[in-house]
Structure formats: C-alpha cells, structure tokens
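Here are a few exercises to work through with the model on your screen. Try each task yourself before reading its solution.

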Amino acid sequence: MRIQTERTAQKEHSTPLFLTSSFVYDSAEDMAAAFADDTLDVNIYSRFKNPSVDEFIEKICVLEGAEEGVATATGMAAVFSTFMTFLSKGDHIISASAVFGSTHAILTKYLPKWGISYSYFDMNEPTSVEELFRPETKMLYVETPSNPGLDIIDLKYLADLCHARNVLLVVDNCFATPAVQQPIAWGADLVIHSATKFMDGQGRVLGGVVVGRKELIHPLYLFIRNTGPSMSPFNAWILSKSLETLFIRMDRHADSAFKLATALQGHPALSGVKYPFLPDHPQYEIARRQMRNGGGIVTFELKGGLPAGRKFLNSLKMLSMTNNLGDSRSIASHPASTTHSKLTEEERQAVGITPGLIRISVGLEHPDDILSDILQALQTEQ
Ligand SMILES: *Cc1c(COP(=O)(O)O)cnc(C)c1O
C-alpha cells in the first residue's frame with residue numbers, strides 16, 4: 001500500500017493540502033466516466049473522496065492491517081454510519097454496556113425508533129454475551145479498553161463467537177490506537193476510531209475512521225458519500241501529520257500512565273486505581289496478551305465520592321479540566337458530575353461510572369510534574 005501521496009511538480013516533502021471541494025475534467029467523456037464509477041478510485045467531489053483524506057485513510061489501513069477504510073467528520077459519525085449501513089429494521093445488535101456516552105444514546109434512543117433492538121452485556125462477565133445472540137443479531141459492538149471504565153475483553157473469544165454465527169464484530173479502538181492494539185489481528189471485522197483523541201493527539205481537530213475488508217467498506221463508503229458525514233481535507237491533513245508521531249507519543253503516554261498508576265496505588269484518599277497493565281486489573285492477563293502497552297488513561301476512585309470529585313478538579317493546578325482525552329496535555333475529568341451527569345444513578349452504574357471516578361488522560365509533560373499536581377490536589381481530600 002502506498003503511504004506517501006505522490007509529490008506534485010513542486011517536489012514538496014510534506015504532502016500538500018488538497019483544500020478543494022471538487023475536481024475538474026478534461027472532457028465531457030472523462031466527466032461522464034467519473035460519474036459512472038461508484039468505486040473509491042476517482043476524484044469527483046470532496047464529500048465522496050479527496051487526496052488529503054485518502055492519505056489519512058491509507059495510513060490507518062497500514063497501521064490497523066486493514067484492506068480499506070472510510071473517514072468521517074467525527075468519531076460519532078463513524079459509529080452512526082456503521083450502524084446505519086449494516087443494521088436494518090428488525091435487526092438486533094449486542095453491545096457491551098460500557099460504551100461511550102453518545103454511542104449509548106444511539107443504541108438506546110435512536111436505533112429502537114427505527115425498529116432495531118439492542119442488548120447490553122457486562123464486559124466483566126464476558127460469557128454472558130453467549131445467550132444474547134438471536135437469529136436476527138447482525139452486529140456485536142465493543143470498546144476495549146472501555147471509556148471511562150477501562151474494562152477489557154478478549155477479542156479472539158468474541159470474534160470466534162461472532163464468526164460461528166455470521167455476526168459482524170465491530171471494535172471501537174479509540175483508547176488503544178493501532179500503536180497499542182490491532183483488533184483485526186484478533187478477528188474483528190471493522191475497527192472504528194475517534195481520530196479526535198490520540199490520533200490528533202493535540203486537541204485540535206475532530207475526525208473519525210472505519211477500516212476493514214473491502215467488501216464491508218464499500219457499502220459504508222456509499223452511505224457516507226450519499227449522506228454526507230465526510231471528513232474535511234484540512235482535518236485529514238492535520239491527522240496525517242499527527243500519525244507520524246503516534247508510536248512515540250503512545251509509548252510516552254503509556255510510560256507516564258504506568259508510573260502514575262503505580263505511584264497512586266494505596267493512596268489514603270483513594271479506594272482504587274485502575275490501569276490495564278497493573279497486575280490487579282481484573283482483565284490483566286488479556287491486556288498483556290492483546291495490547292503492546294497499557295495505553296494513556298488511568299482512572300481512580302475517590303473515597304469521598306461526588307463532592308470529593310468536584311473538589312479534586314478545583315484543586316488541580318497544571319492538569320486541564322476538560323472532557324477531551326488523548327491530548328499532549330494531561331487532562332482530568334469527573335464523569336459523574338459532567339459527561340454522565342444526565343444519566344440516572346442506575347444508568348451510570350450500568351456503564352461503570354461510580355460517584356468518585358476520576359479519569360486522567362496522561363499527557364506528554366514530565367511524569368513527575370503530572371504526579372505532583374495530582375498528589376497536591378488529593379491532599380485537599382484528607
Ligand atoms: C470520543 C469518543 C468517541 C466519539 O468521538 P468524537 O470524535 O467525539 O465524535 C467514540 N468512542 C470513544 C471511545 C470516544 O472516546
């Protein structure tokens with residue numbers, strides 16, 4: 001697969017940005033031929049296809065070991081387009097209950113409106129998924145590690161279950177990135193990313209991508225081409241540049257995250273610390289087998305619950321208080337009082353959010369600075 005887009009006559013080293021909405025033809029015949037072609041091969045209009053977007057897609061395909069891909073305006077556009085392409089009225093989808101908040105909203109509020117039913121299972125009881133398959137089940141959807149609970153599931157186990165039943169296994173690989181985990185190698189059919197997170201890595205642009213086998217990507221491409229949630233060439237250009245540093249960034253995120261998680265273990269203000277590569281993580285063995293490192297997210301539980309969560313955020317000096325993640329700057333968030341505050345206590349429990357849960361997206365600052373800011377903020381808890 002060609003990773004570097006061909007150079008123009010200017011011989012530039014960095015790929016130029018193809019900021020154009022459409023493409024011109026030399027003759028009426030060429031134009032007619034372009035429109036007769038519904039493959040992914042001809043530049044017509046940037047809602048369909050654009051060289052800057054293609055470069056980003058090709059890079060993700062190489063990193064994930066996939067044949068083809070499509071890029072979207074956001075991660076949610078990638079999730080929604082995948083559901084709309086492969087699920088029809090009467091179909092059923094099985095999903096881990098620990099999924100991103102907006103994915104939870106699509107599954108529970110929108111899909112049922114169109115006659116598509118869903119069932120949730122708990123990733124901490126993986127075999128419970130087996131009894132949920134029905135004749136009309138078309139897709140199994142998981143995030144591993146999950147956001148924000150950091151639950152992990154054995155992808156090979158799920159892939160075997162799905163393939164024996166002709167069900168698509170779709171994996172949101174946003175928390176790991178292909179630098180840490182390649183779900184296709186374990187049998188996933190489609191891999192989804194919010195490129196907004198670690199792929200951009202600097203909190204600048206939104207984006208999404210889905211990769212997989214050619215015959216699955218083609219209908220997804222036609223859905224996106226016709227309905228319009230396409231990625232902007234500018235965002236694709238930014239994201240392609242970011243991918244050049246993905247491995248080096250993920251290694252540093254993970255090194256610092258492991259250091260932080262280890263240092264916080266046993267802290268008197270905390271009832272627990274969770275990180276995929278800590279031996280007491282409930283799915284530690286699977287994480288070690290499936291992931292190159294533990295990724296860049298650490299969570300911990302404050303003994304003081306909801307009020308302690310607010311106090312902790314207000315006491316931070318260096319870490320940013322924002323709901324994004326995967327940024328070069330460290331970020332703290334308290335899901336129960338922010339992103340998941342509209343859910344009922346029971347719903348929060350179902351997606352693994354406890355009142356004192358703090359999620360840290362460990363950035364690229366010096367690990368000692370990250371730890372000392374968190375320690376001084378925890379001091380106010382005692
Ligand atoms: C952020 C996120 C999404 C949604 O991505 P957007 O780019 O914000 O639309 C989906 N899944 C996971 C796991 C995420 O963290």
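**Exercise 1. Find the acidic residue that forms a salt bridge with Arg-289, and say which parts of the chain the pair ties together.**

Step 1. Look for the partner: Arg-289 forms a salt bridge with Asp-154, and the closest N and O atoms are 3.0 Å apart. The term salt bridge is used here for a side-chain nitrogen of Lys or Arg within 4 Å of a carboxyl oxygen of Asp or Glu. Side chains of opposite charge can pair when their charged atoms come close.

Step 2. Place both ends. Arg-289 lies in helix α9 (residues 284–290) and Asp-154 in the loop between β4 and α5, so the pair ties together parts that are 135 residues apart in sequence. Helices (H or I, at least four residues) and strands (E, at least two) are DSSP runs, numbered from the N terminus.

Step 3. Check the surroundings. Arg-289 is partly exposed, with a relative accessible area of 47%, whereas Asp-154 is buried at 18%. Buried means under 20% relative accessible area, exposed means over 50%, and partly exposed is in between (1.4 Å probe, protein chains only).

A word on the ground rules: this is a predicted model, where local features need pLDDT of at least 70 and side-chain atom pairs count only at pLDDT 80 or more, while totals for chains, interfaces and linings use all residues. Residues are numbered from 1 along each chain as its sequence is written, and side-chain values use heavy atoms, with hydrogens and water left out.

**Exercise 2. Track down the salt bridge partner of Asp-151 and see where the two residues sit.**

Step 1. The partner is Lys-274, with the closest N and O atoms 3.1 Å apart.

Step 2. Asp-151 is in the loop between β4 (137–143) and α5 (155–164), and Lys-274 is in strand β8 (residues 270–274). That makes this a link between distant parts of the chain, 123 residues apart.

Step 3. Is Asp-151 buried or exposed? At 7% relative accessibility, Asp-151 counts as buried.

**Exercise 3. Now look at Arg-348 and Glu-345: how many residues apart are they in their helix?**

Step 1. Their side chains meet in a salt bridge (3.1 Å, N to O).

Step 2. Both belong to helix α11 (residues 345–350); being 3 residues apart there, they are separated by about one helical turn.

Step 3. Compare the two ends. Arg-348 counts as buried at 11% relative accessibility, and Glu-345 is partly exposed at 41%.

Step 4. Zoom out. The structure holds 15 salt bridges, and Glu-55, Lys-59, Lys-241 and Glu-244 are linked in a network of them.

**Exercise 4. Describe how domain 1 and domain 2 meet.**

Step 1. Get the bounds: domain 1 covers 2–245 and domain 2 covers 246–381. Such bounds come from an automatic or database domain assignment.

Step 2. Taken over C-alpha atoms, the domain centres are 27 Å apart. The contact takes 38 residues from domain 1 and 36 residues from domain 2, where contact means heavy atoms within 4.5 Å.

Step 3. The two domains bury about 3,200 Å² between them, 60% of it on carbon and sulfur atoms. Buried area is the accessible area (1.4 Å probe) that two parts lose on being put together, summed over both.

Step 4. Which three residues supply more than any other three of the area that domain 1 buries against domain 2? They are Pro-148, Ile-152 and Phe-198, with 23%.

Step 5. Count the salt bridges between domain 1 and domain 2: there are 2.

**Exercise 5. Explore the aromatic rings, starting from Phe-80.**

Step 1. Rings of Phe, Tyr and Trp (its six-membered ring) pair if their centres lie within 6.5 Å; planes under 30 degrees apart count as stacked, over 60 as edge-to-face and the rest as tilted. By this rule the count comes to 7 aromatic pairs.

Step 2. Phe-80 and Trp-114 form a tilted pair, 6.1 Å centre to centre with 55° between the planes. Phe-80 is in helix α3 (residues 75–86) and Trp-114 in the loop between α4 (101–110) and β3 (117–121), 34 residues apart.

Step 3. Phe-80 counts as partly exposed at 29% relative accessibility, and Trp-114 counts as partly exposed at 36%. Together with Tyr-110, Phe-80 and Trp-114 form one aromatic cluster.
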